[in-house]
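Reader: I'm new to this one and would like a close look at a single part of it. Could you pick a helix, walk me through how it sits among its neighbours, and tell me a little about what lies around it?

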Amino acid sequence: MSARAGFSSAPLGYASRRTMQSVRRNSPHAGSAEVELWKRHNRFSRAENNAWLTAAEEHERATKMPGKRNGALGDIGMKVLRLLLRLRGKLDGRLDPSYTWIAQQVRIARSSVGKALARLKAAGFLDWMRRSEPVEDPEPGGQYVKQASNAFILRASGAAAEMIRRLLRRPTAAMQRVKIERERAAKLKRPVSEIIADAKDPALAALLESLYEGVRDDVEGEKPPSGLNTPLNGSMG
């Protein structure tokens, strides 16, 4: 589909039409998928907020070449990231300022905003989702859909995610798997009576107890650890 064509992912009550307006492809209507992404990725504690900034500063220093003024993010990239971290909605994670608004707040050219955002995305500190929205009261034969501001997602990736994890002292995926396996092994070693006693629901505890009664002889039988049968009296002497 052409980037100048209409979109079929219209919200309830709105019928998309083929028009000649300039709307980028893969631009779903505002108020759809980005709401869940904001809640999942843009809401975090002050400690994590500080970890984001520290990780970005470390990345900027590490990528600054001798004799160069800036690193991979640049001074403008750092300012834009600080602005986005302050701006994100604390309750819903909403983050969708326009390029023009960002440029006014940081006091830079609008074109510089796009370049700074691209550097942040390439470094793994930012992602975004293009969006469109219907035009209110469109003229006959005119524009029915227009480009909306991007929905910015604070979803770290790659080296940026690893730096943030390290700063927050969070376990890696491998460490988490080992922890889960150890906890599972420890539970298997516990006596059945303790497991039943941990049941908070009396009815569930009674049910577990009754089930255990049916297999108690098999579980607590007098078989030797080696699995051999106990020799009969008088069979050896």
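Author: Here is a walk through helix 3 and its surroundings, starting with the whole chain.

Keep in mind that this is a predicted model. The protein chain has nine helices and two strands, and along the sequence they come in the order α-α-α-α-α-β-β-α-α-α-α. Of the chain's 237 residues, 31% count as buried. If you take the contacts with a separation of 6 or more, 58% of them link residues that are 24 or more positions apart. The chain exposes about 16,200 Å², and 53% of that comes from carbon and sulfur atoms.

Now to helix 3, which covers residues 74-87. How far apart should its ends be? With 14 residues at 1.5 Å a residue, helix 3 should span 20 Å, and its end C-alpha atoms are indeed 20 Å apart, so the two agree.

Which residues of helix 3 are tucked away? The buried ones are G74, G77, M78, V80, L81, L83, L84 and L85. They pack against helix 2 (46-62), helix 4 and helix 5 (110-122).

Let's zoom in on one of those neighbours, helix 4. Two packed helices are described by the angle between their axes and the distance between the axes. Here the axes of helix 3 and helix 4 (residues 99-106) come within 11 Å and cross at roughly 110°. Angles of 65 to 115 degrees count as roughly perpendicular, so that is how helix 3 lies relative to helix 4. On the helix 3 side, the contact is made by K79, V80, L83, L84 and L87, while helix 4 brings W101, I102, Q105 and V106. Sort the residues of this contact by type and you get seven nonpolar, one polar and one charged. V80, L83 and L84 are worth a second look: they belong to this contact and are also among the buried residues of helix 3.

Carry on past helix 4 and you reach the loop between helix 4 and helix 5, where R107 is found. Is R107 buried or exposed? With a relative accessible area of 76%, R107 is exposed, because the cut-off for that is over 50%. Its backbone is worth a glance as well. Most residues other than glycine have a negative phi. R107 isn't a glycine, yet its phi is positive, at about 65°.

One last stop is M129, in strand 1 (residues 127-134). At 13% relative accessibility, M129 counts as buried. The C-alpha atoms of M129 and A151 are 5.1 Å apart, although 22 residues separate the two along the chain.

Terms used:
Residues are numbered from 1 along each chain as its sequence is written. This is a predicted model: local features need pLDDT of at least 70, side-chain atom pairs count only at pLDDT 80 or more; totals for chains, interfaces and linings use all residues. Side-chain values use heavy atoms; hydrogens and water are left out. Helices (H or I, at least four residues) and strands (E, at least two) are DSSP runs, numbered from the N terminus. Buried means under 20% relative accessible area, exposed over 50%, partly exposed in between (1.4 Å probe, protein chains only). Contact means heavy atoms within 4.5 Å. Accessible areas come from the Shrake-Rupley method with a 1.4 Å probe; for residues, only the protein chains shown count as cover. Axes are lines fitted to C-alpha atoms, for helices over the stretch in contact, and angles run from 0 to 180 degrees between N-to-C directions. Angles under 35 degrees count as roughly parallel, over 145 as roughly antiparallel, 65 to 115 as roughly perpendicular and the rest as oblique. Ala, Val, Leu, Ile, Met, Phe, Trp, Tyr, Cys and Pro count as nonpolar, Asp, Glu, Lys and Arg as charged, and the others, Gly among them, as polar. The expected span of a helix is 1.5 Å times one less than its number of residues.
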